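The following paragraphs lead through the structure shown below, beginning with its surface and overall dimensions and ending with its interior.

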Amino acid sequence: MDRKNVKLDFPSLETFDSYIEALEEGYHIGIQPRATRTEIEVFIADPAAHLAKLNEQRQGSFTAPDGSEHPFVPHEMLWLTDGGAFIGGVSFRLKLSALLRDFGGHVGYGIRPKYERQGYGSLALALVKDRAIGYGIDRLRLTCHEGNLASEKIISNNGGVYEDTVGDIYGFSGPTKRFWIDLCLSRSKPPPPA
């Protein structure tokens with residue numbers, strides 16, 4: 001695959017069939033569970049509704065596993081693609097809540113199983129960094145489970161600086177390693193598309 005054509009953008013119908021194949025292969029983002037066969041069938045029944053839901057901005061709050069309440073934050077669900085081929089996805093949180101500062105951070109990502117260990121995770125995070133600069137974000141928080149060497153390598157490849165490791169937090173099982181990536185705001189980037 002020629003990586004010069006790889007892009008990170010909002011989900012589209014052009015890539016939907018390839019995305020469904022990825023879900024059937026077990027693709028998922030971060031700690032999110034894999035989609036069940038029933039869920040996949042619902043997505044197939046109304047692709048446009050599913051795509052709209054991926055970037056729906058939720059109001060209110062959600063309950064963490066420990067029972068604490070935390071606000072939803074603005075986010076973007078983005079797909080890493082090459083033409084009609086779905087490679088992976090990125091959940092990019094535009095702000096940090098207290099929970100996200102401690103666990104989860106700005107970015108969650110997942111690479112389709114057949115594209116893993118080929119550098120696409122590092123490429124996806126590099127493209128998110130450019131997008132974050134366009135939003136005026138000066139540093140990104142990233143976290144990964146201790147022992148998730150693939151994720152740690154992606155963070156390291158993108159300038160991640162280790163901060164610390166925490167145990168169970170908000171009911172999420174640890175230990176979790178936490179990192180910051182400082183972004184150079186002196187580069188002039190156009191704002192991301194609305």
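In this predicted model, the accessible surface of the chain comes to about 10,000 Å², and carbon and sulfur atoms account for 52% of that area. The chain carries 22 positive and 25 negative charges, whose mean positions lie 5 Å apart. Of its 194 residues, 46% count as buried.

As for the fold, the chain contains six helices and nine strands. Its radius of gyration is 16 Å, close to the 16 Å that the globule rule gives for 194 residues, and the chain is therefore as compact as a globular protein of that length. Taken along the principal axes, the box filled by the C-alpha atoms is roughly 40 × 40 × 30 Å. Among the contacts with a separation of 6 or more, 65% join residues that are 24 or more positions apart.

Turning to the interior, the largest nonpolar core has 27 residues, of which Leu-80, Val-90, Phe-92, Val-107, Leu-140 and Leu-142 touch the most other members. Two or more residues of this core come from each of several elements, including the strands β1 (6–9), β4 (75–82) and β5 (85–93) and the helices α5 (120–134) and α6 (149–157). The greatest contribution is that of α5, with six residues. Leu-80 itself, when residues up to four places away in sequence are not counted, touches Val-6, Lys-7 and Leu-8, then Ala-85, Phe-86, Ile-87 and Gly-88, and also Ile-111, Tyr-120, Ala-124 and Leu-127. Apart from this largest core lies another, of 15 residues, among them Phe-16, Tyr-19, Ile-20 and Trp-79.

Key
Residues are numbered from 1 along each chain as its sequence is written. This is a predicted model: local features need pLDDT of at least 70, side-chain atom pairs count only at pLDDT 80 or more; totals for chains, interfaces and linings use all residues. Side-chain values use heavy atoms; hydrogens and water are left out. Helices (H or I, at least four residues) and strands (E, at least two) are DSSP runs, numbered from the N terminus. The radius of gyration is taken over C-alpha atoms; the globule rule is 2.2 Å times the number of residues to the power 0.38. Buried means under 20% relative accessible area, exposed over 50%, partly exposed in between (1.4 Å probe, protein chains only). Contact means heavy atoms within 4.5 Å. Accessible areas come from the Shrake-Rupley method with a 1.4 Å probe; for residues, only the protein chains shown count as cover. Lys and Arg count as positive and Asp and Glu as negative; His and the chain ends are not counted. The place of a charge is taken as NZ of Lys, CZ of Arg, CG of Asp or CD of Glu. A nonpolar core is a set of buried Ala, Val, Leu, Ile, Met, Phe, Trp, Tyr and Cys residues joined through side-chain atoms within 4.5 Å.
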